[in-house]
Amino acid sequence: MSKIKLGLITDVVPLGEIAEGWDYYEIPSALHCVPLESEANWVTRLGAYRARGVPVLVASHYIHEFGTAASGPSYDREQQVFWAQRSFRRLNEVGVKVVGVYGGFFRCPDGYGRSKAVDDAVSFCNIIADEAERYGMQIALEPMAEPDTLFPTYKEGLAFAKATGRRSVRVMADLNYFLKINQSLEDIREDPSCCLHVHMAGEGHGDSAQPNIGPRTEAFKKLFSVLRDIDYSGTVSAACAWVSSTGSKEVDYKYETAVTLKYMRDLAE
């Protein structure tokens with residue numbers, strides 16, 4: 001039986017409409033755990049997650065809007081300290097163990113200077129690592145295959161994570177971004193202990209519908225083969241824009257999440 005845990009990101013799927021059987025949920029922290037929201041709002045959201053009885057092991061998104069950035073002219077250390085302290089405390093309350101952070105937050109605009117952007121990025125990582133280590137959590141940086149970011153590729157993300165010198169800062173592998181620029185999934189083997197989390201999606205709106213839509217069968221087989229070979233026992237999330245596979249106008253999330261879970265479980269097994 002596979003040791004891999006299967007989950008889904010709850011960004012657009014109402015909690016009450018998720019099929020039973022998922023091993024965990026991935027909370028979009030900058031959407032469902034916004035530090036600027038009141039404690040009353042957070043307590044209500046926390047109660048909704050707890051009522052489902054499904055572990056919330058992973059977080060994604062992290063910062064969003066309000067000018068937040070991990071590097072560049074909009075990097076604001078005071079803002080990030082506040083954001084991290086509230087975010088990680090709340091994520092700990094819901095049970096998160098791995099906090100995903102988009103590589104898209106780490107940019108170097110023209111004229112800014114790469115060395116300065118890297119300094120910003122390391123400062124940002126120290127802030128979030130301090131909070132992660134306070135709660136026994138880990139950070140998974142997500143390379144996003146965008147050339148104007150500080151680490152577009154998985155290998156570059158791995159090197160950057162190690163360069164921070166923080167034990168809690170590692171990387172995640174998102175299949176979409178491997179395929180986007182033809183990265184080899186073999187790169188995950190370079191340091192298996194540094195791969196904390198995996199995202200997968202199928203082909204659809206923006207090439208990111210649920211995994212069983214226009215299935216990337218060969219790519220999925222290769223991905224799970226690599227994960228098996230490195231003895232991966234972590235989390236794999238459906239990170240996708242959900243679409244209807246039945247021809248109906250509205251997405252039946254209960255049905256779609258059940259079909260998707262079976263598809264992913266068959267692959268993992």
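## Strand pairing around the barrel

In this predicted model, strand S7 (residues 195-200) and strand S8 (residues 235-238) run parallel and are joined by four bridges. One pair in this register is Val198 of S7 with Val236, its bridge partner in S8. On its other side, S7 pairs with S6, again in the parallel sense and over four bridges. Here Asp174 has His199 of S7 as its bridge partner. Strand S7 is mostly covered, for six of its six residues are buried.

These pairings belong to a wider arrangement. Eight strands close into a barrel in the order S1-S2-S3-S4-S5-S6-S7-S8, with parallel pairing. Between neighbouring strands of this sheet the average turn is 30°, direction ignored. As a general point, strands of a sheet pair through backbone hydrogen bonds, either parallel or antiparallel.

## Strands S3 to S6

Elsewhere in the barrel, S3 and S4 run parallel and are joined by two bridges. Ala59 has Val99 as its bridge partner in S4. Four of the five residues of S4 are buried, so this strand is largely enclosed by the rest of the structure.

Strand S5 (residues 138-142) is joined to strand S6 (residues 169-174) by three bridges, and these two strands run parallel. Within this pairing, the bridge partner of Ile139 in S6 is Val169. Helix H4 packs on the sheet, where it touches strand S4 (98-102), S5 and S6. The direction of H4 makes about 145° with that of S5.

## A second helix on the sheet

Helix H2 (residues 39-52) lies across strand S2 (24-28) and strand S3 (56-60). Relative to S2, helix H2 runs at about 160°.

## Ile9 in strand S1

Ile9 is placed in strand S1 (residues 5-9). With a relative accessibility of 7%, Ile9 counts as buried, because the cut-off for a buried residue is under 20% relative accessible area. Ile9 and Ala59 lie 50 residues apart in sequence, yet their C-alpha atoms are 8.3 Å apart in space.

Neighbours within four places in sequence set aside, the contacts of Ile9 are Glu26, Ser60, His61, His199, Ser237, Ala238 and Ala239. Among these contacts, His199 is also the bridge partner of Asp174 in the pairing of S6 with S7.

## The nonpolar core

The largest nonpolar core has 77 residues. Those that touch the most other members are Tyr62, Val101, Phe106, Phe124, Leu141, Ile188 and Val236. Helix H4 (residues 114-134) gives the largest share of this core, with eight residues. Val236 has already appeared above as the bridge partner of Val198 in S8.

Tyr62 deserves a separate description. Tyr62 sits in the loop between S3 and helix H3 (77-94). Its relative accessible area is 0%, and therefore Tyr62 is buried. Beyond residues up to four places away in sequence, Tyr62 touches Ser29, Ala30, Gln80, Trp83, Ala84, Ser87, Phe88, Val99, Gly100, Val101, Phe124 and Ile128. Among these, Val101 and Phe124 are likewise named with Tyr62 as core residues that touch the most other members.

## Two residues with positive phi

Most residues other than glycine have a negative phi. Tyr62 has a positive value, with phi near 65°. Glu65 is not a glycine either, and its phi is positive at about 60°.

Glu65 is placed in the loop between S3 and H3, where Tyr62 is also found. The relative accessible area of Glu65 is 53%, so this residue is exposed, whereas Tyr62 is buried.

## The internal cavity

A search of the whole structure finds one cavity of 30 Å³ or more. The largest cavity has a volume of about 40 Å³. Its lining consists of Pro143, Tyr154, Met172, Ala173, Asp174, Tyr177, Phe178 and Gln183.

Two or more lining residues come from each of S6 and helix H6 (175-180). Strand S6 gives the largest share of the lining, three residues. Asp174 thus has two roles in this account: Asp174 lines the largest cavity, and His199 is its bridge partner in S7.

Conventions. Residues numbered from 1 in each chain as written. Predicted model: local features only at pLDDT ≥ 70, side-chain atom pairs only at ≥ 80, totals over all residues. Heavy atoms only, no water. Core = buried A, V, L, I, M, F, W, Y, C linked by side-chain atoms within 4.5 Å. Buried < 20%, exposed > 50% of the residue type's maximum accessible area, 1.4 Å probe, protein only. Contact = heavy atoms within 4.5 Å. Pairing = 2+ DSSP bridges. Axes fitted to C-alpha atoms, helices over the stretch in contact; angles between N-to-C directions. 1 Å grid on protein atoms, 1.4 Å probe; cavity = no way out; pocket = protein on both sides within 12 Å on 5 of 7 lines; lining within 4 Å. Points joined across faces, edges and corners; volume = space filled by probe spheres on them.
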